[in-house]
Amino acid sequence: MQFIDWSSKLAVNAADIDNQHKKLVDIINELYSAMQGGKGAAVMGKVLGELIGYTKDHFAYEEKLMVQHKYNDNNKHKLEHDKLTKQVLDLQKQFTDGKMVVTVEVMNFLKKWLNDHILDKDKTFAAFLNQKGVH
């Protein structure tokens, strides 16, 4: 069972961004699967590291497009990226300090984090890109 199911609701209609979002969904689902199998603690560090690395690459890609296409809300969107990155880095620190385990609350945070960002900020940005001919 998937924790997050990719659907057209999450698609922003910019192929590269959608593919990157699908990868983020896969990473979160990997962590959920490990948690369900009682192996959350064993893979949490690896998966959080992968999530942080991939998220940074994804955000850098989006930010490059924002500058390239002169997106008006560039600074606001980048601040959102910085906030989200800090939240995941905080999760990783809590885990490495032994203060956190994989729980349903952690999984729900990651799901909400991804859904909220895609459905609000990225949908708006992608609509702008679509107007610029990026699909």
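## Working through a predicted helical model

Histidine 117 touches Phe59, Glu62, His77, Glu80, His81, Leu84 and Asp122, once residues up to four places away in sequence are set aside. Keep in mind that this is a predicted model. With that said, let's get going.

### Exercise 1: Histidine 117

Work out where histidine 117 sits and whether this residue is buried or exposed.

**Solution.** Start with the address: histidine 117 belongs to helix H4. Next, look at the accessibility. The relative value for histidine 117 is 5%, and buried means under 20%, so this histidine counts as buried. Finally, go back to the neighbours: His77 and His81 are among the residues that histidine 117 touches, and so are Glu62 and Glu80.

### Exercise 2: How H1 meets H4

Find how the axes of H1 and H4 are arranged, and say what kinds of residues make up the contact.

**Solution.** Take the axes to begin with. Helix H1 covers residues 15-36, and its axis comes within 11 Å of the axis of H4. The two cross at roughly 175°. Angles over 145 degrees count as roughly antiparallel, so that is the label for H1 against H4.

Now for the residues. On the H1 side you'll find Ile17, His21, Leu24, Val25, Ile28, Leu31, Tyr32 and Met35. Facing them from H4 are Val104, Met107, Leu110, Leu114, Ile118, Asp122, Phe125 and Leu129. Sort the residues of this contact by type and you get 14 nonpolar, one polar and one charged.

### Exercise 3: The aromatic rings

How many aromatic pairs are there, and what is the geometry of the one between tyrosine 71 and phenylalanine 128?

**Solution.** The count is three aromatic pairs, with ring centres within 6.5 Å as the cut-off. For tyrosine 71 and phenylalanine 128, the centres are 4.9 Å apart and the planes make an angle of 55°, which is a tilted pair. Tyrosine 71 is in the loop between helix H2 (40-68) and helix H3 (74-96), while phenylalanine 128 is in helix H4 (residues 104-131), so the pair ties together parts 57 residues apart in sequence.

Check burial for both partners. Tyrosine 71 has a relative accessible area of 10%, so it is buried. Phenylalanine 128 comes in at 17% and is buried too. To finish, step back to the wider group: ring pairs join Tyr71, Phe125 and Phe128 into a cluster.

One more ring deserves a look. Lysine 111 places its charged end over the ring of phenylalanine 3, at 4.8 Å from the ring centre.

### Exercise 4: Three polar or charged side chains

For lysine 23, glutamine 87 and asparagine 74, decide which label fits, buried or partly exposed, and list the contacts.

**Solution.** Lysine 23 is in helix H1. Its relative accessibility is 31%, so it counts as partly exposed. Beyond its sequence neighbours up to four places away, lysine 23 touches Glu50 and Tyr54.

Glutamine 87 is part of helix H3. At a relative accessible area of 28%, glutamine 87 is partly exposed. Leaving out neighbours within four places in sequence, glutamine 87 contacts Phe109 and Trp113. Glutamine 87 and phenylalanine 109 are 22 residues apart in sequence, with 9.8 Å between their C-alpha atoms.

Asparagine 74 is also found in helix H3. Here the relative accessibility is 16%, so asparagine 74 is buried. With residues up to four places away not counted, asparagine 74 touches Met66 and Val67.

Conventions. Residues numbered from 1 in each chain as written. Predicted model: local features only at pLDDT ≥ 70, side-chain atom pairs only at ≥ 80, totals over all residues. Heavy atoms only, no water. Phe/Tyr/Trp six-rings, centres within 6.5 Å; stacked < 30°, edge-to-face > 60°. Helix = DSSP H or I, 4+ residues; strand = E, 2+ residues; numbered from the N terminus. Buried < 20%, exposed > 50% of the residue type's maximum accessible area, 1.4 Å probe, protein only. Lys NZ or Arg CZ within 6 Å of the ring centre and 35° of its normal. Axes fitted to C-alpha atoms, helices over the stretch in contact; angles between N-to-C directions. Parallel < 35°, antiparallel > 145°, perpendicular 65-115°, else oblique. Contact = heavy atoms within 4.5 Å. Nonpolar A, V, L, I, M, F, W, Y, C, P; charged D, E, K, R; others polar.
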